[in-house]
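Got the model open and not sure where to click? Follow along, one selection at a time.

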Amino acid sequence: MTDATAPQPMDAPAPDPDHADTTDTATDAMPSAREGKAEVDPHGLGAAIAKLSTESQDEGFAAFAVLSAFLADGERVDVLVQGRFQGESAAMAATNQRVLIANARQWRADVVEFVFGPTLQVQGWQDDQTAALVVQDDHFTATFDQILDRTTAQQLAAVVRARAESLAP
């Protein structure tokens, strides 16, 4: 039983002959943003983020996005930490090509790179809660602190030292 006062569904309006769609829906497929989709995680950044604590993953969300924009084709993230750089939430990655640091400063992120070489050095400190790393070469020194994942910070420092030493004369 239907209620005569309830609104009834309306029929679709007839197409306007002056603005008729002439596409053949049987042969013309709607374009898709998924066509030509690239590899989901070509740099291994997602896998590196997954190794961090939940707190670091949440805190570093914006910094990871900034860092990802500066990864080159063929570059692979081997070790990643989240902390603070120049007073802002940041990410530091040791990749197969360099050390890359990016923070999430609003409107103008700070991004620094260190190419592996014999003058590249890293020093680390830790207490019972956090760690800090200082990376330097002949041109620049970067202090990266408030790293919650202390073991991962140690791994990153070890990777950087090994790669720098392998390039020493």
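## Start at helix α3

Select helix α3 and show what surrounds it: the cover over its buried residues includes α1 (45–50), α2 (54–59), β1, β2 and β3. Keep in mind as you look around that this is a predicted model.

Which residues of α3 are buried? In this helix, which spans residues 61–69, they are Ala63, Phe64 and Leu67. Turn the view until you look down the axis of α3: these buried residues fall within an arc of 100°, so they line one face of the helix. Swing round to the other side of α3 and you'll find Phe61 and Ala69, which are exposed.

## Step back to the whole chain

Now colour by secondary structure. You should see four helices and seven strands. Walking from the N terminus, the order of elements is α-α-α-β-β-β-β-β-β-β-α. Of the 169 residues in the chain, 33% are buried. Contacts also reach across the sequence: of those between residues at least 6 apart, 46% join residues at least 24 apart.

## Select the strands

Hide the helices for a moment. The seven strands make an open sheet in the order β4-β3-β2-β1-β7-β6-β5, with antiparallel pairing. At the edges are β4 (111–115) and β5 (121–126), each with a single partner strand, so one side of each has no neighbour in the sheet. Look along the sheet and you can see its neighbouring strands turned against each other, by 25° on average if direction is ignored.

In general, strands of a sheet pair through backbone hydrogen bonds, either parallel or antiparallel.

## Zoom in on β2: Ser89 and Ala91

Pick Ser89, which lies in strand β2 (residues 88–95). Is Ser89 buried or exposed? Its relative accessibility is 9%, under the 20% cut-off, so Ser89 counts as buried.

Show the polar contacts here. The Ser89 side chain reaches the backbone oxygen of Glu59 at 2.8 Å. Another polar contact, of 3.3 Å, links the side chains of Ser89 and Gln82. Leaving out residues up to four places away in sequence, the residues that Ser89 touches include Gly60, Ala63, Asn103 and Ala104.

Next, move along to Ala91, also in strand β2. With a relative accessibility of 0%, Ala91 counts as buried. Select what it touches, ignoring neighbours within four places in sequence: Ala91 is in contact with Ala63, Phe64, Leu67, Leu80, Val81, Leu100, Ile101, Ala102 and Phe144. Among them you'll recognise Ala63, Phe64 and Leu67, the buried residues of α3 from the start of the tour. For a distance to try in the viewer, take the C-alpha atoms of Ala91 and Ala62: they are 29 residues apart along the chain and separated by 9.2 Å.

## Over to β5, β6 and β7

Select β6 (residues 131–136), which pairs with β7 (residues 141–147) in the antiparallel sense over five bridges. Five of the six residues of β6 are buried, so the strand is largely enclosed by the rest of the structure.

How many residues sit between β6 and β7 in their hairpin? There are four. To follow the pairing, find Leu133 opposite Phe144 in β7, then Gln136 opposite Thr141 in β7.

β5 and β6 form a hairpin too, with four residues between them. They pair in the antiparallel sense over six bridges. Here Gln121 stands opposite Gln136 in β6.

## Finish on helix α4

Bring the helices back and select α4 (residues 150–166). This helix lies across β1 (77–85), β2, β3 (98–103), β5, β6 and β7, and runs at about 120° to β1. α4 has 17 residues and spans 24 Å from its first C-alpha to its last, close to the 24 Å expected at 1.5 Å a residue.

Highlight Thr152, Ala153, Leu156, Ala157, Val160 and Ala164, the buried residues of α4. Down the axis of α4, they fall within an arc of 140°, so they line one face of the helix. What covers them includes β1, β2, β3, β5, β6 and β7. For a last click, go to the other side of α4, where Thr151, Glu165 and Ser166 are exposed.

Note on methods. Residues numbered from 1 in each chain as written. Predicted model: local features only at pLDDT ≥ 70, side-chain atom pairs only at ≥ 80, totals over all residues. Heavy atoms only, no water. Helix = DSSP H or I, 4+ residues; strand = E, 2+ residues; numbered from the N terminus. Buried < 20%, exposed > 50% of the residue type's maximum accessible area, 1.4 Å probe, protein only. Polar contact = N/O pair within 3.5 Å; in protein donor to acceptor, adjacent residues only side chain to side chain. Contact = heavy atoms within 4.5 Å. Pairing = 2+ DSSP bridges. Axes fitted to C-alpha atoms, helices over the stretch in contact; angles between N-to-C directions. Expected span 1.5 Å × (residues − 1). Arc of directions from axis to C-beta.
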